[in-house]
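Got your viewer open? Load the model below, switch to the cartoon view, and follow along stop by stop.

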Amino acid sequence: MKNIALIFAGGTGRRMKSVSKPKQFLELNGKPIIIYTLEIFDNHPLIDGIVVVCLESWIPYLAKQLDRFGIKKAGTIAPGGSTGQESIYHGLLAARETYGEDCNVLIHDGVRPLITDATVSDNIETVNRCGNCITCVDSTETYVIEKSDGTIEIPSRSDSLIARAPQTFRLSDILAAHEEARRSGKDDFIDSCTMMHHYGYKLHTIIGPVENIKITTPMDFYLFKAIVEVHESQQIFGI
């Protein structure tokens, strides 16, 4: 079964406060954030293809960056929609059109560039064995759930995980969930695992690296820069 990465790069970067370009195209050491992300999937031997969902007006710019940095597997660019949910749906349709429905799809944020080869492999192994896979990290703080009636719940920290990405599914399953959401007029799912859980799909988890952050704010960008510098120092000096 083929493994297709669906990289979502449809955001405008309001929280990043970048005025010249969307956050996924901000550069570190001359390379856009989204290219750092794409390189992991492009170089992974188990990834057969990449679909990128991009702001429509920025598709020509993205195409130039893919060529500039030699990203070979990103053969399909789909235009984003009016919401994140709709944008991912566009990407899923493009994946089906390009690769057929009998494949796995790894849905990942274009601004989550610190993913590892091992996490990609773990997602693929788990989805092949179980059908659905959510990358998580352990919770290091206590969560308080405040309900609409003013009451609160505090789940056990030992039972709590934080969902990140990739979130990996059978393409036919995640498309079916999206189409059900469209029929029922639900367009506010925060992410794919929330949608899949809502429609009764059993989800399985793997634990990924803590540094697999989503770059949303300037603070996230500076943290990303620091982690990249540490990795580069490890390669150069073996520390």
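Colour by secondary structure and you should be able to pick out seven helices and 11 strands. Keep in mind that this is a predicted model. Zoom out for a moment: along the principal axes, the C-alpha atoms fill a box of roughly 50 × 40 × 40 Å. A compact globule of 239 residues would have a radius of gyration near 18 Å, and the protein has 18 Å, so the two agree.

**Stop 1: the sheet**

Now select the strands. Seven of them form an open sheet, and if you walk across it you meet them in the order 5-4-1-6-10-7-11. The pairing is mixed, and you'll see both kinds in a minute. Which strands sit at the edges? Those are strand 5 (76-79) and strand 11 (205-207), each of which pairs on one side only. Turn the sheet to look along it: from one strand to the next, the twist averages 25 degrees.

**Stop 2: strand by strand**

Select residues 2-9 and 103-109, which are strand 1 and strand 6. They pair in the parallel sense, over seven bridges. To find your way along this pair, click on Lys2 and look across to Cys103 in strand 6, which stands opposite.

Next, add strand 10 (161-170) to your selection. How does strand 6 pair with strand 10, parallel or antiparallel? The answer is antiparallel, over four bridges. A handy marker here is Val105, with Phe169 of strand 10 opposite.

Keep going to strand 7 (132-138). Strand 7 and strand 10 also make an antiparallel pair, this one with six bridges. Click on Asp138 and you'll find its bridge partner, Leu161, in strand 10.

**Stop 3: two backbone oddities**

While you're at strand 10, show the backbone atoms of Ala165 and Pro166. The peptide bond joining Ala165 and Pro166 is cis, with omega at about 10 degrees, and Pro166 is found in strand 10 itself.

For the other one, go to the loop between strand 2 (27-28) and strand 3 (31-32), where you'll find Asn29. Asn29 isn't a glycine, yet it has a positive phi of about 55 degrees.

**Stop 4: a helix across the sheet**

Select residues 117-130, which make up helix 4. What does helix 4 lie across? Strand 1, strand 6, strand 7, strand 10 and strand 11. Compare its direction with strand 7: helix 4 runs at about 135 degrees to that strand.

**Stop 5: a pocket**

Last, switch on the surface and look for the second largest pocket, which holds about 270 Å³ of space. To find it, select Tyr36, Ile40, Pro113, Val228 and His231: of the 12 lining residues, these lie nearest the pocket's centre. Helix 1 (33-43) and helix 7 (218-237) are the elements that give two or more residues to this lining. Which helix gives the most? That's helix 7, with five residues.

Try colouring the lining by residue type to finish. You should get seven nonpolar, two polar and three charged residues.

Conventions: Residues numbered from 1 in each chain as written. Predicted model: local features only at pLDDT ≥ 70, side-chain atom pairs only at ≥ 80, totals over all residues. Heavy atoms only, no water. 1 Å grid on protein atoms, 1.4 Å probe; cavity = no way out; pocket = protein on both sides within 12 Å on 5 of 7 lines; lining within 4 Å. Points joined across faces, edges and corners; volume = space filled by probe spheres on them. Nonpolar A, V, L, I, M, F, W, Y, C, P; charged D, E, K, R; others polar. Pairing = 2+ DSSP bridges. Axes fitted to C-alpha atoms, helices over the stretch in contact; angles between N-to-C directions. Contact = heavy atoms within 4.5 Å. Rg over C-alpha atoms; globule rule 2.2 N^0.38 Å.
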